[in-house]
Amino acid sequence: MGPPRSKKRRPTFRRLLKTSGVKLENKLKNRQLKQQNVAKKQRKEQKRLRQAVKDAAIRTPRPLETYRKRPEEEEDEEEFLETLPTDMMEDDDLQQMTAMARQASFITRDLSSCGPVHSGKKRSSEVVHSYEKVPRKMVRTEEKEIIHLLPIKDKTGVIPQTVERVIKLQEEEEEKAAEEQEEPENEGEPESVVELTAEQRERLRAQKINQKKLLIANMASAVISDPFSNIKRLKELRGMLMESDPCVAVTVRKLVMVSLMEIFKDIAPTYRIRPLTADEKGVKVKKETQRLREFEEGLVSQYKFYLEDLEQTIKDWKQQKKKRSQVVSLQSYQSLAHVSVRCLCELLLALPHFNFHNNIVVVLVPLMNDPAKQVSDMCCDAFRKLFQEDKLGGASLATVRVVSGLVKSLNYNIRPEVLRTLLSLRIQEVQMKKDVEETAPKKKFMNNKERKKNLSRMKRKWKKAEEKLEKELLEVEASESKENKIKLHTETLNIVFLIYFRILKKAQKSVLLPAVLEGLANFAHLINLEFFDDLLNVLQDLIQSGDRTNRESLHCIQTVFTILSGQGDVLNIDPLTFYSQLYRMLPRLHAGAPNDDIIILLRCLDTLLIRRRKQVTLQRAMAFIKRLSTLSLHVLPNASVGLLAANRATMHSFPKCDFLLDNEVQGSGFYLPELDEPEHCNAQNTALWELHTLQRHYHPVVRQFAAHLSRGAPSEGSAALGMELSRRSPVELFGDYNVKDMTFNPPVAPPRTKKKDRFTHGATLLDAELQRRVNDVLNVTEETQLDFTATQTPSQH
């Protein structure tokens, strides 16, 4: 028989699973409390031991109070002590008294104090007094030094131990002598540098820069190769930002700035690092986790200090301050500030997800309005790229908020380029929450009858789990990604429109108005219906005032028709005045005006005539075609191509416009080219004679379009356009054939050479009779004698 079986069962896996989380937490807390109590006891024991050592070192036998006695009393006392019987004391008592005398605890007590005898047990009242007795600094002599060792304890008590050691002052004297020798060398260095020639100084400077470059490269490569172990090297690199050597200070600081920027771009993680809470710091974790936490903490702190250094450099440049600890001249602050701004712009684009991104935005947004063109252009370009690359919209929202505050604080006295950067925002749609739920992808799931009919029991079970998972995935995708993105875009656009409407209301005569009108034209399809009436009235007043330039007026018209072609189609508004304004403006867009205004005109024509063709009459369409054909004679080649492409699209939308290709008169009246009303100029009674003139244009594409339109703009046949031209919009054709770089597109063919390389024999080059005679002459043999007189007539003799 074996040992009796234990009645206590081992916990099974099911029982462990049933264990509540509260119980597991309590067990963990009890274990931690036990560990804390053990550690606390150990600390108390160590504290007691240290206190005992201190007390033993301090305690010294104190003599009793002495006072002078009379000689007579001393003699009487000695006689009395001699007469005392010592035989009456036992040996045990004598030994006990001897031991007590050796301890000298109660005998040597300070009788002047009124404290109790056993006050040593309660040290709370004498804690300060005991610490005061401990020497603050060991008394050091020039020759000897007392070293306190661990005390020894025997039957008699604790015995302190000390050792005397002779001090060696040779090392200190050598260090002082070396320092004294270095000081005159440093003081005399400028004189030696001055004595050098220019070539020697330049050679010395190059050597120093090469040494610094090697040092920076070594530290940077060490950090990049193993960031977890060499994160402290970042602090050493940052220390080089305070380089004190005047001949290489500026260069070294620039190299360190750029090197640190590249290092942070390489080693920064793809997530934002958050600070640990107090509870998380108290929890014991693995070594790998602790190492990762230390790396993240060091990275964030060094990154923060680096950004502060860059910001301080920019502030010093703006305030024109020169610190005593720095050796950089005021002229060098500008170049250092430019490098700092470039580093911040690079970090703004490379690390939009990392910590302190909003701080970088706050520093760079005011620099967009800086008087230095190089700095402002650098910052504006960086924010344009940020808007174009921002897919979620968080960085764009933070930037737009700071821009709004800047515009308001400066009372609208900012550069127009600051507002033009907002045109790069990637905002395509703005919807409310209900619209998001309606447009969310809906998946059709099987009902219970279909599931039981078509699937087995096991398949029904799997199908149910899959449908549940798909529902959760759809909810997460629709609610988190799309809804959050649309929410950020809505808030961003509200702030942008707030900036635009403030300027329209308070600063209509500022230089910001063209940028505002351009922004309204770009985001007009996203404006709320509540603002349509007021906005249309303001834009109409701006156009009719006559103080606006062609570009501003075109932006106003583009904004109006973008609104009316989008959500504003439900409004009962007759835009006839805006048609008339655009028709009146066309002759002013000649080659003497800026050519970039034509691209805005092409966008307006696409909205006015193509998208709203159902609201446009035939008379109005023919009037625009005629005036655009006339305008194409007075603009640059790429503008002519764009205008002819717009005419082609209009003729396809209005087939009856082929009246303009015939000389016959339709109806009464005659054409009035100077009348600015497209409905009453009788455009049907004229012809597009400009097309015949354009067919002799020097640009081949213009000739091709003119010939195509003169034959009715057919889609097939010999007069049809090729695939490259027919499928492109007028705006695209305008950009493709742009002559901004002073080059022809397509390039001009080189002239042919007049000199022929060789003579070609063939009947195609000669007359038939002459060719026959040449062949007869060439085929004559050498033996035949030629008789030239046989061909002469008798009259020639």
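Here are some notes on aromatic contacts, charged pairs, cavities and one enclosed helix in this structure.

1. A word on the source before anything else: this is a predicted model, so read the distances and angles below as computed from it.

2. Let's start with helix 20, which spans residues 513–522. Is this helix enclosed or open to the outside? Nine of its 10 residues are buried, so helix 20 is largely enclosed by the rest of the structure. The buried set is L513, P514, A515, V516, L517, E518, G519, L520 and A521. Note that a glutamate, E518, is in that list.

3. On to the aromatics, where the count comes to 10 pairs. One of them is F228 with F295: the ring centres are 4.5 Å apart and the planes meet at 40 degrees, so this pair is tilted. The two residues are 67 apart and link distant parts of the chain, with F228 in the loop between helix 7 (198–225) and helix 8 (233–239), and F295 in helix 11 (residues 287–319). Their surroundings are worth a look too: F228 is partly exposed at 37% relative accessibility, whereas F295 is buried at 7%.

4. Y583 and F624 make another pair, with centres 5.4 Å apart and planes at 75 degrees, so this one is edge-to-face. Because Y583 belongs to helix 23 (residues 576–585) and F624 to helix 25 (residues 618–631), the contact ties together parts that are 41 residues apart in sequence. Both Y583 and F624 are buried.

5. Y583 has a charged partner as well: the charged end of R627 sits over its ring, 3.9 Å from the centre. A second arginine, R620, lies over the face of Y579, at 4.4 Å from the ring centre. Elsewhere, F264, Y303, Y306, F354 and F356 form one aromatic cluster.

6. Salt bridges next; there are 22. In helix 11, E311 and K315 are joined by one at 3.5 Å, N to O. About one helical turn separates E311 from K315, because they are four residues apart in that helix. E311 is partly exposed at 28% relative accessibility, and K315 is partly exposed at 38%.

7. Helix 31 (residues 768–778) holds both E769 and R772, three residues apart, about one turn of the helix. Their side chains meet in a salt bridge at 2.2 Å, N to O. R772 also bridges to D776, at 3.5 Å, and these two are four residues apart in helix 31, so about one helical turn lies between them. Which residues make up the salt-bridge network here? E769, R772, R773 and D776 are the linked set. Among its members, E769 is partly exposed at 37%, R772 at 41% and D776 at 40%.

8. Finally, the cavities: the structure has three of 30 Å³ or more. The largest has a volume of about 40 Å³, and its lining consists of F387, D390, G393, S396, L425, R426, I427, H489 and T492. By class, that is three nonpolar, four polar and two charged residues.

9. The second largest cavity also comes out at about 40 Å³, lined by I625, S629, L644, N647, M651, L661, L688, L691 and L709. Helix 25 and helix 26 (637–653) are the elements that give two or more residues to this lining, and helix 26 gives the most, with three. Seven of the lining residues are nonpolar, two are polar and none is charged.

How values were computed
Residues are numbered from 1 along each chain as its sequence is written. This is a predicted model: local features need pLDDT of at least 70, side-chain atom pairs count only at pLDDT 80 or more; totals for chains, interfaces and linings use all residues. Side-chain values use heavy atoms; hydrogens and water are left out. Buried means under 20% relative accessible area, exposed over 50%, partly exposed in between (1.4 Å probe, protein chains only). Rings of Phe, Tyr and Trp (its six-membered ring) pair if their centres lie within 6.5 Å; planes under 30 degrees apart count as stacked, over 60 as edge-to-face and the rest as tilted. A charge sits over a ring if NZ of Lys or CZ of Arg is within 6 Å of the ring centre and within 35 degrees of the ring normal. On a 1 Å grid over the protein atoms alone, a cavity is a set of points where a 1.4 Å probe fits but cannot get out, and a pocket is an open set with protein on both sides within 12 Å along at least five of seven lines; lining residues have an atom within 4 Å of a point. Grid points are joined across faces, edges and corners, and a volume is the space filled by probe spheres set on the points. Ala, Val, Leu, Ile, Met, Phe, Trp, Tyr, Cys and Pro count as nonpolar, Asp, Glu, Lys and Arg as charged, and the others, Gly among them, as polar. A salt bridge is a side-chain nitrogen of Lys or Arg within 4 Å of a carboxyl oxygen of Asp or Glu.
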